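Please look through the structure below with two topics in mind, the pairing of strands and the contacts between aromatic rings.

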Amino acid sequence: MLVVPDRCLNLITCAWLILLLLSLQGCSALKPRANLIKATNIHALTQWQATGKIAIIDEQKKQSANFNWLQDNDKYNTSFSTFLGINVLSIKRDNDGLFIAVDGNSYQDDNPERLVYELTGWWLPVDQLSHWLKADIAPHEGTIIRDELGHIQQFIPHCTATLCTTQYLIKYGAYRPIEQLQLPHSVIIQASGLTQQMLKIKIQQWR
């Protein structure tokens with residue numbers, strides 16, 4: 001929020017203060033974009049923002065929401081809202097841990113996927129999504145299929161301590177050049193095991 005002092009010594013001082021405050025706001029707002037401009041490979045993209053739409057599909061129903069994901073290295077803050085702008089789920093990971101907010105109530109759990117599922121019926125691999133959304137995947141993490149341009153088309157994660165109860169198949173598409181990178185704008189995640197669910201993610205903007 002821009003706050004301008006009630007009193008200014010003169011018009012020049014007032015104008016200078018306003019420009020300074022706007023400049024500081026601009027630097028803060030453009031922080032993810034600045035990292036995107038500098039990143040020369042996917043793994044170097046550590047600060048970014050993605051917005052778009054997500055569909056959560058299972059055998060009984062299909063639900064849709066808008067999403068906004070803000071990543072800062074290992075920390076992230078993501079929110080899901082209806083098309084009317086009503087927030088239905090917020091997830092934040094910072095130095096104090098992982099917090100989930102639903103209907104105005106905040107929760108914590110060592111197993112965020114399970115908690116999100118209990119609260120919303122959505123099976124979201126939230127910690128993995130910070131890498132999966134931008135296709136930041138190393139060969140040792142699972143089976144990777146690439147297209148003729150080297151873009152990841154399909155990824156099947158190896159079984160790990162956090163990925164054994166549910167098996168995933170991730171499909172990528174609609175790669176587009178964003179600054180020096182090629183980033184996917186379509187991600188489909190199929191989950192099987194404890195739950196049978198599909199996530200269809202359309203990323204409308206990277207910054």
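In this predicted model, strand E8 (residues 152-157) pairs with strand E9 (residues 166-173) in the antiparallel sense, over 2 bridges. At one place in this pairing, glutamine 154 has lysine 171 in E9 as its bridge partner. E8 is also joined to strand E7 (residues 142-146), again antiparallel, and here there are 5 bridges, with threonine 143 standing opposite isoleucine 156 in E8. E7 and E8 form a hairpin that has 5 residues between the two strands, and in its turn glycine 150 has a positive phi of about 90 degrees.

Strand E8 also leads to the second topic, since phenylalanine 155 lies in this strand. Across the whole structure, a search finds 7 aromatic pairs. One of them is formed by tyrosine 117 and tryptophan 123, whose ring centres are 5.6 Å apart and whose planes meet at 70 degrees, so the pair counts as edge-to-face. Tryptophan 123 is buried, at 10% relative accessibility, whereas tyrosine 117, with a relative accessible area of 36%, is partly exposed.

Phenylalanine 155 forms an edge-to-face pair with tryptophan 132, at 6.2 Å centre to centre and with 75 degrees between the planes. This pair links distant parts of the chain, as tryptophan 132 belongs to helix H4 (residues 126-132) and phenylalanine 155 to strand E8, 23 residues apart. Tryptophan 132 counts as buried because its relative accessibility is 3%, and phenylalanine 155 is likewise buried, with a relative accessible area of 1%. Elsewhere, Phe67, Phe80 and Trp122 form one aromatic cluster.

Definitions and conventions. Residues numbered from 1 in each chain as written. Predicted model: local features only at pLDDT ≥ 70, side-chain atom pairs only at ≥ 80, totals over all residues. Heavy atoms only, no water. Pairing = 2+ DSSP bridges. Helix = DSSP H or I, 4+ residues; strand = E, 2+ residues; numbered from the N terminus. Phe/Tyr/Trp six-rings, centres within 6.5 Å; stacked < 30°, edge-to-face > 60°. Buried < 20%, exposed > 50% of the residue type's maximum accessible area, 1.4 Å probe, protein only.
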